[in-house]
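Q: Please take a close look at one part of this model and explain it step by step. After that, follow its links to the rest of the chain.

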Amino acid sequence: MPADKPTTVDEYLATFEGEPAERLAAVRAAIHEVLPGAEEKLRYDIPGVAIRGRYWLHFAGWKKHIGLYPVPRADDEELEARIAPWRAAKDTVNLPYSKPLPLDLVRDITRLVLELHGGDDA
């Protein structure tokens, strides 16, 4: 990243090039398919997306992967089984650049976070 820290999500994303930039844009788009018009801003120096005014979902680009945070455990066993291979920690999901990008899973994780924190009026 450049010496000047980004102050917006667009500035943050502009610090990436090539495949990481394309993947981050795809993850952002998948999140916004589920949360159209959701507010986003940098929190903890990474993009955060608001649900009902609180930033419940964050994503970030790293050297070898994209991270999603926090990703709660799903009560739905099938969904949790799909998330499990991507978990890097209790509430972290890593999407390595070396593997196909599971955008359906990103959308389902976003729906999970919405169900837990958004209710019907997100």
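A: A helix here is a DSSP run of type H or I with at least four residues, and helices are numbered from the N terminus. The model is a predicted one. The part chosen is helix H4, which covers residues 103–117.

Start with Leu103, which is found in helix H4. Leu103 has a relative accessible area of 24%, so this residue is partly exposed; the partly exposed class lies between the buried cut-off of under 20% and the exposed cut-off of over 50%. Along the sequence, Leu103 and Leu79 are 24 residues apart, and their C-alpha atoms are 14 Å apart in space.

Next comes a pair inside the helix. Asp104 and Arg107 form a salt bridge, with 2.6 Å between the closest N and O atoms. The two residues are 3 residues apart in helix H4, so about one helical turn separates them. Arg107 is buried because its relative accessible area is 17%, and the cut-off for buried is under 20%. Another set of charged residues is linked in a similar way: Asp10, Arg28 and Glu40 belong to one network, joined by salt bridges that share partners.

Asp108 makes a link that leaves the helix. Its side chain meets that of Arg82 in a salt bridge, at 2.7 Å from N to O. Asp108 lies in helix H4 and Arg82 in helix H3 (residues 77–83), so this pair ties together parts that are 26 residues apart in sequence. Arg82 has a relative accessible area of 32% and is therefore partly exposed.

Glu80 and Arg87 give a further pair to set beside this one. Their side chains meet in a salt bridge at 3.0 Å, N to O. Glu80 counts as buried because its relative accessibility is 13%, and Arg87 counts as buried because its value is 14%. Over the whole structure, a search finds 10 salt bridges; among them are the pair Asp104 and Arg107, the pair Asp108 and Arg82, and the pair Glu80 and Arg87.

Back in helix H4, there is Thr110. Is Thr110 buried or exposed? At 0% relative accessibility, Thr110 counts as buried. A polar atom of the Thr110 side chain lies 2.8 Å from the backbone oxygen of Val106. The limit for a polar contact between N or O atoms is 3.5 Å.

Glu115 is also found in helix H4. With a relative accessibility of 61%, Glu115 counts as exposed, since the exposed class begins over 50%. Which residues gather with Glu115 in a patch of negative charge on the surface? They are Asp75, Asp76, Glu77 and Glu78. Membership in such a patch calls for over 30% relative accessible area and no salt bridge. Helix H4 thus contains a buried residue, Thr110, and an exposed one, Glu115.

For contrast, turn to the loops between strands. Asp45 sits in the loop between strand E1 (40–43) and strand E2 (46–51). Asp45 is not a glycine, yet its phi is positive, at about 70°. The relative accessible area of Asp45 is 43%, so this residue is partly exposed. Arg52 belongs to the loop between E2 and strand E3 (54–61). Phi of Arg52 is near 55°, again a positive value in a residue other than glycine. Arg52 counts as exposed because its relative accessibility is 53%.

The loop between E3 and strand E4 (65–69) holds Trp62, and Lys63 lies in that loop too. Trp62 is partly exposed because its relative accessible area is 41%, whereas Lys63, at 77% relative accessibility, counts as exposed. Trp62 and Gly18 are 44 residues apart in sequence and 13 Å apart from C-alpha to C-alpha. Lys63 and Ile46 are 17 residues apart along the chain, with 14 Å between their C-alpha atoms.

Technical notes
Residues numbered from 1 in each chain as written. Predicted model: local features only at pLDDT ≥ 70, side-chain atom pairs only at ≥ 80, totals over all residues. Heavy atoms only, no water. Patch = residues over 30% accessible without salt bridge, like charges linked within 9 Å, V, L, I, M, F, W, Y side chains within 5 Å. Areas by Shrake-Rupley, 256 points an atom, 1.4 Å probe, with all protein chains shown as cover. Salt bridge = Lys/Arg side-chain N within 4 Å of Asp/Glu carboxyl O. Lys, Arg positive; Asp, Glu negative; His and termini not counted. Charge placed at Lys NZ, Arg CZ, Asp CG, Glu CD. Buried < 20%, exposed > 50% of the residue type's maximum accessible area, 1.4 Å probe, protein only. Polar contact = N/O pair within 3.5 Å; in protein donor to acceptor, adjacent residues only side chain to side chain.
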